[in-house]
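Hi everyone, thanks for coming along. I'd like to walk you through one model this morning, so let me put it up on the screen.

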Amino acid sequence: MTKKIDPWGKADIRDYGAIMKDFGIEPFSSVLKHTPKPMMQMKRGIIFGHREFGRILDARKKRKPFVMMTGLMPSGKFHIGHAMLAREMIYFQEIGAELYVCVADIEAFNVRRKSLQELRKIAIDEYLLNYIALGMKPGKVNFYFQSNHQTAYYRLLQMLPQRVTFAEMKAIYGDITPGKIISVITQAADILHPQLPENGGPKPVVVPVGIDQDPHMRLTRDLAARFQREFRFIPPSSTYHEFMKGLKGGKMSSSDPLSYIAMSDDSKTVRTKIMKYAFSGGGNSIKEHRKHGGDTKVDVAFSMLKFLFEEDDRKLKKIKDDYESGKMLTGELKEYTVEKVNSFLSAHQKRMDKAKSQVDKFLK
Ligand code: TRP
C-alpha cells in the first residue's frame, strides 16, 4: 500500500504505477483508441490515467452536453508545467465541452495565506491571459472565483458536509485543519456544481488534474453517490497527467524560479536556465557519452521536448535514438531544446499582448 497522497504536500511522485493500482485508476491507453483527435500527451502516456473517461466519450458521440471542470491555485508565475494542463483544457473545449475553470482563491487564502486581492491579480494577469494566448475561446467558459460565485454553488457547498465524517476526512488526508476541510468541501462543490439544476442538471463532467488531486476526486465521487436523492449527480470522470520535472530534476515549483521556465521568460533567460541548470542525462565526458549514450529518462531537456515542445513524433524518436546511442551530445540536445522553447515563447508572448483585449469576455 502506498502512502496517502497529500494534495498540499511537496512530494515528488515517482511510482505512478503503484498509485494506479492502489487507488483504482485505469490506464489511459484503454480509452485512447476511442478518443477523438487525441492529444500528443495522451499518445505519449504523459496523460496516463483516468476514471470513467468513457462517459465523456459516450456523451460526445451521442452529441449530448458534457463539461470539462478544473481549478487552479493562483501561485506566482505561469510556467510550462501549467501550460500543459491549459492545453488539455483547451483540447476539451475544442472537442465540444463547456468549460468551468475555478480560481481556488479560497483554498489559497486558507492554505497558502495570501490576500484575496493578490490572488485575483495573479489569476487574471498570469493564468487567464495565458489560457487565452494558448487558444481558449470565450463563450462556453465559466471562469469563476471560489470567493465570488453563484448562490446555488454556495447552497451545495453548505449541504455537502452533512454526508461526510471526520474519520473519512482523516483517512483520506491524514493531517487535516479547519482551513483544509473548507478547501476540500469547496472543491467538491466546484466539481459537482455544473450538474445542479441551475446549471442544466446532471451531465458527464471530466476533471483533468495531476495525480496529487486524486484524493479530492475519490471523496467527490463518494459525495456524488450520497446525494442521488437530491441531485442525481453522475460521478465525475477524471484524467491524470504526469508532472513535468523541474529543471534541476526535482519538482517544478512556482516558488523556485530556477526550477521552471516561465511563459514570460526572455530568450536569454531560457538559454541560461537550460544550458546551465537543466539536469542532464548525458555521460560525464564526451568520450563516455559517445560510448554509453545518454539517459533520456532523467534528462530534463529531453523531457521538455517530450511533454510539450516537440510535436513531431518522428523527430522525437530520432532524438531519443541518437541521444541514447551517443551520436547526439548533451550540448546539441540542449541547443535544439533552447531553440524550440524560444521560438514557441516568442510567438506566445505576442499572443499574450493581444490576449489582454479579450480578458473582459471571460469575466462576468
Ligand atoms: N486544489 C486544486 C489545486 O491545488 C485547485 C482546485 C480547486 C481544483 N477546485 C478544483 C482542481 C476543482 C480541480 C477541480 O490546484
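Let's start between the two domains: two salt bridges link domain 1 and domain 2. Please keep in mind that this is a predicted model. One salt bridge I'd like you to find pairs Asp313 with Arg44, and their closest N and O atoms are 2.9 Å apart. Beyond salt bridges, nine residue pairs are in polar contact between domain 1 and domain 2, with both partners at pLDDT 80 or more.

Which helices does domain 1 bring to this contact? Helix H3 (40-43), helix H5 (80-94) and helix H7 (116-134) each provide at least two residues of the side that touches domain 2. H7 gives the most, with six residues. If you sort the residues on that side of domain 1 by character, you get 11 nonpolar, three polar and five charged.

Now let me step back to the overall layout. The domain assignment places domain 1 at 16-243 and domain 2 at 257-355. Taken over C-alpha atoms, their centres are 30 Å apart. On the residue level, 19 residues from domain 1 and 21 residues from domain 2 take part in the contact.

How much area do the two domains bury between them? The figure is about 1900 Å², and 66% of that is on carbon and sulfur atoms. On the domain 1 side, Arg44, Ile80 and Ala133 supply 34% of the area buried against domain 2, more than any other three residues. So here is Arg44 again, the residue that forms a salt bridge with Asp313.

Last stop, the ligand. There are 14 residues around the ligand, and those that come nearest are Met73, Glu107, Gln187, Asp190 and Gln213. Let's look at some of the ligand's nitrogen atoms. The side chain of Glu107 has an N or O atom 2.8 Å from a ligand nitrogen. Asp190 places a polar side-chain atom 2.8 Å from a nitrogen atom of the ligand. For Gln213, an N or O atom of the side chain is 2.9 Å from a ligand nitrogen.

That's my tour, and I'm happy to take questions.

Conventions
Residues are numbered from 1 along each chain as its sequence is written. This is a predicted model: local features need pLDDT of at least 70, side-chain atom pairs count only at pLDDT 80 or more; totals for chains, interfaces and linings use all residues. Side-chain values use heavy atoms; hydrogens and water are left out. Domain bounds come from an automatic or database domain assignment. Contact means heavy atoms within 4.5 Å. Buried area is the accessible area (1.4 Å probe) that two parts lose on being put together, summed over both. A salt bridge is a side-chain nitrogen of Lys or Arg within 4 Å of a carboxyl oxygen of Asp or Glu. A polar contact is a pair of N or O atoms within 3.5 Å; within protein, one must be able to donate a hydrogen and the other to accept it, and residues adjacent in sequence count only if both atoms are side-chain atoms. Helices (H or I, at least four residues) and strands (E, at least two) are DSSP runs, numbered from the N terminus. Ala, Val, Leu, Ile, Met, Phe, Trp, Tyr, Cys and Pro count as nonpolar, Asp, Glu, Lys and Arg as charged, and the others, Gly among them, as polar. A residue is near a molecule or strand if one of its heavy atoms lies within 4 Å of it.
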